[in-house]
Each structure stands twice: as C-alpha cells, then as structure tokens.
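Please find below my notes on the model, set out as numbered points. They go from single residues to the core and end with confidence.

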Amino acid sequence: GCRLNEICQLDLADIVNNKGIPCISINNRGEDKSVKNFTSERIIPIHPALLELGFLRYVEFQRKSKQKKLFSELNQTDRGKYTRAVQGWFARYLDKLGITGSDKVFHSFRHTFETKAVEVKIPAEYQNTICGWADRGTGQRIYGRTKDIKVVLNEISKIKYPLSKELKEMKQLILDSFICKTFN
C-alpha cells in the first residue's frame, strides 16, 4: 500500500518496532525525504510474507554494513526522486515476462492492494491508514487516523501473498548467500 517513492527513500531508521511488531515508518524526516500530504505520514506493519522472505535480515545486513538508506544502491535524481531506476528495472522485467499495457506499471501494486483489501473486507478506515489516503470513507472521519498497530497488522494480514516456487527459491538463495553467512 506504499507509494514507490515512499519505499525508495526509506532510511534504515524508518524500520521500527512498534509494540513488538516490525513496522515501516513513512515520514518526511530527512533532507531527501518527502510525503504527498500529512495523511501520508504513518506507521504500517510489515506484511508477514515480507518477513518470511527475510526482509529483516536484509535490514540487519544494511545496518551492519553502515548504510543509511534501506536501498542504498538507489541514486537520487536531480528532481529529488529515487524511483527512476526501480521503474526502469520493473518495466524491463514486465517486458521480459510478456506483460504489456500502459496500465501495467509499478503503481499498479497500490491498485491491486486496494482491490484485494476490498475483497477480504478490510474496513475503509484501515485501508486509509495503511495507504496514507485522506478521508476516503466515513470510517476515517469517525475513527481518526491513529489505529492500534496490532489491529492494523491483523487487517493487513488478511491479504495473502502465497510464496510461489520462484519466491521460495529466491528466499533459499538469500539464506544461502554471503549476507546470511556473514551475519548469523
């Protein structure tokens, strides 16, 4: 449910623990960070599928490597964005898979999340909290922006991302990699 630029500009300090739950803090604290508007600032739990793939091991590797950014290999453009390289890679990846169409872009993940959230009946106020959407339903006006992080995790976990054979193989490669052997 995050915007690409929100993810690309994350500092390692933005990977936080909230009530024992690993989360991402989307914020504009930092000279090279920005959010779309005030409702975009939020803390969201990391989906269990990402945790299963070893996301926190990657974070640990980046920290022990003395990096500041989560994705330290990304360069900022002259317009202050980190997204150009990711968008280019993703477009090439889709071409390789034979997926075409002007509507098949990285931003499609946000639309897919919204569709899946409706399918699994995540209440609108939690969709708003997760995605940083302003006032997209009556729940946002009634309940406000602050939600219990455990409830948000429960809601976000309703969306299932089955680990495909390829993702399971990738996970094993990561576990067998230099990263894991070096920092176990």
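**Notes on the model**

1. K19 is exposed, with a relative accessible area of 53%. The structure is a predicted model. K19 sits in the loop between β1 and β2. Its phi is positive, about 55°, although K19 is not a glycine. Most residues other than glycine have a negative phi, so this backbone angle deserves a look.

2. K121 also has a positive phi, of about 65°, and is not a glycine. This residue is placed in the loop between α5 and α6. With a relative accessible area of 64%, K121 is over the 50% cut-off and therefore counts as exposed.

3. Is K69 buried or exposed? K69 counts as buried, because its relative accessibility of 11% is under the 20% limit. The residue belongs to the loop between α3 and α4. Its side chain has a polar contact of 2.8 Å with the side chain of D11. In addition, a polar atom of the K69 side chain lies 2.9 Å from the backbone oxygen of Q9. The picture for K69 is thus a buried lysine with polar partners at D11 and Q9.

4. How many aromatic pairs does a search of the whole structure find? The search finds one. The pair consists of Y58 and F71, with ring centres 5.9 Å apart and planes at 25°, so it is stacked. The angle is under the 30 degrees that stacking requires, and the centre distance is within 6.5 Å.

5. The aromatic pair links parts that are 13 residues apart in sequence, because Y58 lies in helix α3 (residues 55-64) and F71 in the loop between α3 and α4 (84-97). Y58 is partly exposed, at 22% relative accessibility. F71 has a relative accessible area of 23% and is partly exposed as well.

6. The largest nonpolar core has 20 residues. Those with the most contacts inside this core are I15, I24, F55, V59, L70, F113 and I130. Two or more core residues come from each of β2 (21-26), α3, α5 (108-119), α6 (124-131) and α8 (149-156). Helix α6 gives the largest share, three residues.

7. Which residues does V59 touch, leaving aside those up to four places away in sequence? They are L12, I15 and L70. Of these, I15 and L70 are also listed, with V59, among the core residues with the most contacts.

8. The structure holds zero disulfides. C23 is buried at 0% relative accessibility. C131 is likewise buried, with a relative accessible area of 0%.

9. The protein averages a pLDDT of 78, and 70% of the residues score at least 70. Among the elements, strand β1 (residues 15-18) has the highest mean pLDDT, 96, and helix α7 (residues 138-143) the lowest, 46. Over residues 138-144 the pLDDT is below 50. Beyond near neighbours in sequence, that stretch has nine contacts in the model. Where pLDDT is low, the predicted coordinates should not be read in detail.

Terms used. Residues numbered from 1 in each chain as written. Predicted model: local features only at pLDDT ≥ 70, side-chain atom pairs only at ≥ 80, totals over all residues. Heavy atoms only, no water. Phe/Tyr/Trp six-rings, centres within 6.5 Å; stacked < 30°, edge-to-face > 60°. Helix = DSSP H or I, 4+ residues; strand = E, 2+ residues; numbered from the N terminus. Buried < 20%, exposed > 50% of the residue type's maximum accessible area, 1.4 Å probe, protein only. Disulfide = S-S within 2.5 Å. Core = buried A, V, L, I, M, F, W, Y, C linked by side-chain atoms within 4.5 Å. Contact = heavy atoms within 4.5 Å. pLDDT = per-residue confidence, 0-100. Polar contact = N/O pair within 3.5 Å; in protein donor to acceptor, adjacent residues only side chain to side chain.
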